[in-house]
Amino acid sequence: MLRTLPADFITSSASSSNSPHKMEFSFTTSRLLCHECLLKWSLPVYLQTNIRKECNMTREEIASATCVLGVVANDTGVQYGKYGKPTALSCFSYGTPSPKISWWRFRPSALLGSYDPKTDKISYTNVSDIMRESYSIQSGGSLLIHSPNRSHVERYVCVVENNTAKEWGIYQFRLDYLDWYGYDVFHSVFWGGLATSLIVCLISFLLNITWILTRKSALWWIQRAERLSRVRKMVEAMEKYRVRQMESLHQKYTNRVQIVRDNYHQQVEALRVSYAAQQEKFQNYKAAQVDAVHSHLDAMRDGYNNQLGRVREYGSKRAEQLWESYERQVNRMRTFSLQHRLKMMRQYKVKQRYVNKLLESFQASSPDVQLENEEKVRAALELADDIGTIDGSIDTPSRLSRSSSFHSLPEYVIDEQGNVRPGIIPTSSAAIRFPKPTTSSTSNGAGTSSPSSSGPHRSPGSPPQK
């Protein structure tokens, strides 16, 4: 880095042949400042240097140059410094006597310090503390930048003055980044930047993957929540629709059974009244025309029993038709609910276990509702929960057994006194459903025989056993 030396660095006596001390000098630098005033130091050793080859100057030209005062700045070029490492800027000046050197920053304009070669003292008069932290003046007049960075890349002015004149020169300072692109991995900006970029890309890739997975998971969870919410709403709506339909079916079935029962009782009552009126009408002729009256009463009783059997069979068939219609509608409703439930499970991809939990939450009170509907049907048919014995001969259980024809209407018979009463309820469900009534005549004067007919008496308000 040596480019010049002070003019009196090598004395002429040291290089003369008469001196007792021999000196050998070798100067091989190729960065010499080719200026006559800055080459005054080479006069004693001119022959041992390559100044003639590098600068194309003779010794006479250098010796004859007049050097009063000046600064060589244009030929020095740009001075470089490494980032963060202290760097010195030299002021290449000359003059006789040696001039005082002062350093200034070009922009913003600020005094950095001065050096007096006569007293070898450094002065920081009128220098701010901020500049003192970044710059200092070295012995010899060089400007030292403590820790160069981009804020120090600027032009610096070297002002020299002595008793005769004053001159200045501008030096440019730049940062040297060649070391940043060296082969040292841990001190090279290139390899460090490459490693940093790879790390940043990897981190960015991982962050993107994490973000994508998080977003997918969040979207999946939101879609699942929305899907389950829709499933819950649909199941709730289907269950409400099914409950409404079942209640409507129960109500309709109860009303129709009530109508059939009322019609049946009305017809039985009309037959009983007609038969009683006819029987009373012919009682006055009992003494005179006993045989004719008995035969006529037998014919009337047979006709009554026949009509009563037809009415009972019609009512029973009508009740069974209502029950079959009710069962078809219930099965259709169950099939409809199951089909829509399976379709919803396939569409929204939910499991049967989840749907069962929803149905359990919706059907918490369905057994009570079912029992209430059965009680309504039982009340519509006027059936007691506990039925006692009839004529003290046959015992009847408190809960009637269920069969496929439990909606059959009760069979009414007429006793010997002419009163209408329900027939005997058999204990076995294997008895004939609607046997025709039989008549038997007695030989007494009243001549009325009670038809005995038996038929199953079932609970029309309870569903069939499965």
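This is a conversation about how some features of a predicted model are named.

Colleague: What should I know about the model before we look at its features?

Modeller: It is a predicted model, in which local features need pLDDT of at least 70 and side-chain atom pairs count only at pLDDT 80 or more, while totals for chains, interfaces and linings use all residues. Residues are numbered from 1 along each chain as its sequence is written, and side-chain values use heavy atoms, with hydrogens and water left out.

Colleague: Why is the link between Cys-34 and Cys-55 called a disulfide?

Modeller: A disulfide is a pair of cysteine sulfur atoms within 2.5 Å, and the sulfur atoms of Cys-34 and Cys-55 are 2.1 Å apart, so the pair meets the definition. The pair links distant parts of the chain, with Cys-34 in the loop between α1 (12–15) and α2 (51–55) and Cys-55 in helix α2, 21 residues apart; helices here are DSSP runs of H or I with at least four residues, strands are runs of E with at least two, and both are numbered from the N terminus.

Colleague: What makes the disulfide of Cys-34 and Cys-55 left-handed?

Modeller: The torsion about its S-S bond is about -70 degrees, and therefore the disulfide is left-handed.

Colleague: Is Cys-34 buried, exposed or partly exposed, and how do you know that?

Modeller: Buried means under 20% relative accessible area, exposed means over 50%, and partly exposed lies in between, with a 1.4 Å probe and protein chains only. Cys-34 has 35% relative accessibility, so Cys-34 counts as partly exposed, whereas Cys-55, with a relative accessible area of 11%, is buried.

Colleague: How do you know that Cys-37 and Cys-67 form a disulfide, and which parts does the pair tie together?

Modeller: Their sulfur atoms are 1.8 Å apart, which satisfies the distance rule for a disulfide. Cys-37 lies in the loop between α1 and α2 and Cys-67 in the loop between α3 (59–63) and β1 (69–71), so the pair ties together parts that are 30 residues apart in sequence. Cys-37 counts as buried at 10% relative accessibility, and Cys-67 is buried with a relative accessible area of 17%.

Colleague: How many disulfides does this rule give?

Modeller: The count comes to three disulfides, among them the one that joins Cys-91 to Cys-158, with S to S 1.7 Å. Cys-91 lies in the loop between β3 (87–89) and β4 (93–95) and Cys-158 in strand β10 (residues 155–161), so this pair ties together parts that are 67 residues apart in sequence.

Colleague: What makes β5 and β10 a pair of strands?

Modeller: Two strands pair if DSSP finds at least two bridges between them, and six bridges join strand β5 (residues 100–105) to β10, the two running antiparallel, so the requirement is met. In β10, Cys-158 is the bridge partner of Trp-103.

Colleague: Why are four residues of the lining of the largest cavity counted as nonpolar?

Modeller: Ala, Val, Leu, Ile, Met, Phe, Trp, Tyr, Cys and Pro count as nonpolar, Asp, Glu, Lys and Arg as charged, and the others, Gly among them, as polar. The lining includes Leu-249, Tyr-253, Leu-322 and Tyr-326, so the nonpolar group follows from the residue types, and the remainder divides into two polar and two charged. A cavity is a set of points, on a 1 Å grid over the protein atoms alone, where a 1.4 Å probe fits but cannot get out, and lining residues have an atom within 4 Å of a point.

Note on methods. On a 1 Å grid over the protein atoms alone, a cavity is a set of points where a 1.4 Å probe fits but cannot get out, and a pocket is an open set with protein on both sides within 12 Å along at least five of seven lines; lining residues have an atom within 4 Å of a point.
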